[in-house]
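Please look through the model below slowly, and follow the paragraphs in order as they move from one topic to the next.

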Protein chains: 2
Amino acid sequence: MNQKQPTSRIFKNEIYGQLARIGKAISSPRRIEILDLLAQGQKSVEVLARETGMSIANVSQHLQTLLDARLVRYEKRGNYSYYRLADESVSDFLVAMNLLAENRLADVKHIRQEFYSKYDETDPIELDTLIDRIENGDLTLMDVRPRDEYEAAHLPHAVSVPIDELEKHLSHLPKDQEIVVYCRGKQCVYAVQAVRQLRKKGYQAYRLEEGIQEWKYRNRPIETNQ
Amino acid sequence: MNQKQPTSRIFKNEIYGQLARIGKAISSPRRIEILDLLAQGQKSVEVLARETGMSIANVSQHLQTLLDARLVRYEKRGNYSYYRLADESVSDFLVAMNLLAENRLADVKHIRQEFYSKYDETDPIELDTLIDRIENGDLTLMDVRPRDEYEAAHLPHAVSVPIDELEKHLSHLPKDQEIVVYCRGKQCVYAVQAVRQLRKKGYQAYRLEEGIQEWKYRNRPIETNQ
DNA sequence: TTACCATTCAATTAATTAATTGAATAGTTT
DNA sequence: AAACTATTCAATTAATTAATTGAATGGTAA
């Protein structure tokens, strides 16, 4: 029956239709992973494909969806399209979603715990408790993300040792102080792998669970080389 | 080709699969509307169906999806199932999504502006600027939501005049002070309708855009009659 | 016990979405 | 000009999702 809907019903349908654009954009695991990667800095389609294991065409399709939802933007330089998060509010929203998922979905905690326990990991530590010691030179804060991500933004006082260069540094690090390692955040495995390698060489190393995204979310200062 | 995936890829796929449960839950305009209603207090399936214009079976289907994503919970009392938001973090997340949508989607602002302009509305006002005047008895803060929502939680110093009872009150209100009206928030039309009716009778009435959800999100105190 | 009520379940249909594959496009290099 | 490169587009296929309809379930009232 084609009954006329009241203005308020039409208004609500339109508004909720718009809000659902955000929901649809993040209903795909693939697009959430892409967004998480972009939270660390701009990336090309090719780089996103390699990092996620998806085909280039598939990544491009997903990026079009994210563009349509206004969560990302891009600039072309030559053959390359460099994508980035549309603005900081997108990153904040991703952190909020992570917090909700951790809070509500037992599976999230379980999957993380099971994965990290394979590395015989102690619990991660929190940056707040360390900031004084880092400033005093008491310990080393190590960023093991790709260097371009470090250059884009990093935690204060962090040194950059990309995971694929760690091997070369294993004999050159100061042995007399603890090393705290971080990477892209809770969905990234670089830090846990780096801690394992460092401990194998006798260093006192620990994993920091937070990355720059969580840090920005809490309005803490970030350093950049740009 | 059935190539073995590294442990880290499996881990990421599992974690992002979990995060996508949240995204999928809110990818439907219908489910977002249901969540927004539940942010105002517990409701039965029948009430949700009436408020949203959906069939009871359809509401129930959507609620099962939200249950599966752990965003809602319910208790049965006799024939009735009373649904509510799983906890406060769900409400916070909904507010964050709203903020993001407003920030990113020009259509959201546009749809709201177009709708409210039909009511010849002035811009809404903010509670922060009013709190002193309300406490001094200078103006009246009026909650026009259904009374059970008011009882569940309301802004400090608010009086309850459900929209469908406003007609009866139109001759009894103090004429010498301004009236500030609020309802469920930015997706609700009760406040704008109430302001229109009040102005027609000569009252100085204004619409408050925020509701209890935004207020709680900013960690401001809420009153309850429960 | 029977009738009524609110809700959930199941089957169906239509619409939407995700990944793949190959073509098309636009910029760069030779 | 031709070849190469990164990316986007379009068509296809399979899977998933949303709404409807009617049956089933469990609690209450008569």
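Around DNA strand C there are 22 residues, and those that come nearest are R30(A), H62(A), E46(B), S60(B) and Y83(B), where a residue is near a molecule or strand if one of its heavy atoms lies within 4 Å of it. This is a predicted model, in which local features need pLDDT of at least 70 and side-chain atom pairs count only at pLDDT 80 or more, while totals for chains, interfaces and linings use all residues. Residues are numbered from 1 along each chain as its sequence is written, chains are lettered from A and ligands numbered from 1 in the order in which they are written, and side-chain values use heavy atoms, with hydrogens and water left out.

Which parts of DNA strand C lie within 4 Å of the protein? Sugar or phosphate holds 76% of these atoms, and the rest belong to bases. An N or O atom in the side chain of R30(A) is 3.2 Å from a phosphate oxygen of DNA strand C, and a backbone N or O atom of V45(B) lies 3.4 Å from a phosphate oxygen of this strand. A base is reached as well, since the side chain of N79(B) has an N or O atom 3.2 Å from a base oxygen of DNA strand C. Two or more residues each are given to this surface by helix 2 (29–38) and helix 4 (56–68) of chain A, and by helix 3 (45–52), helix 4 (56–68) and strand 3 (80–85) of chain B; helices (H or I, at least four residues) and strands (E, at least two) are DSSP runs, numbered from the N terminus.

DNA strand D is likewise surrounded by 22 residues, of which E46(A), S60(A), Y83(A), H62(B) and N79(B) are the closest. Of the atoms of DNA strand D that come within 4 Å of the protein, sugar and phosphate account for 73%. In the side chain of N79(A), an N or O atom is 3.2 Å from a base oxygen of DNA strand D, whereas the side chain of H62(B) places an N or O atom 2.4 Å from a phosphate oxygen of DNA strand D. A polar side-chain atom of R31(B) also lies 3.2 Å from a phosphate oxygen of DNA strand D.

We can now turn to the two protein chains. Their contact (heavy atoms within 4.5 Å) takes 53 residues from chain B and 53 residues from chain A. The area buried between them is about 4,900 Å², of which carbon and sulfur atoms give 69%; buried area is the accessible area (1.4 Å probe) that two parts lose on being put together, summed over both. F11(B), Y16(B) and R104(B) supply 15% of the area that chain B buries against chain A, more than any other three residues.

Between chain B and chain A there are six salt bridges, a salt bridge being a side-chain nitrogen of Lys or Arg within 4 Å of a carboxyl oxygen of Asp or Glu. In one salt bridge, the side chains of R104(A) and D87(B) meet at 3.3 Å, N to O.

Is S89(B), a residue of helix 5 of chain B, buried or exposed? S89(B) counts as buried because its relative accessibility is 17%, and buried means under 20% relative accessible area, exposed over 50% and partly exposed in between (1.4 Å probe, protein chains only). Leaving out residues up to four places away in sequence, S89(B) touches L100(A), N103(A) and R104(A).

Terms used. A polar contact is a pair of N or O atoms within 3.5 Å; within protein, one must be able to donate a hydrogen and the other to accept it, and residues adjacent in sequence count only if both atoms are side-chain atoms.
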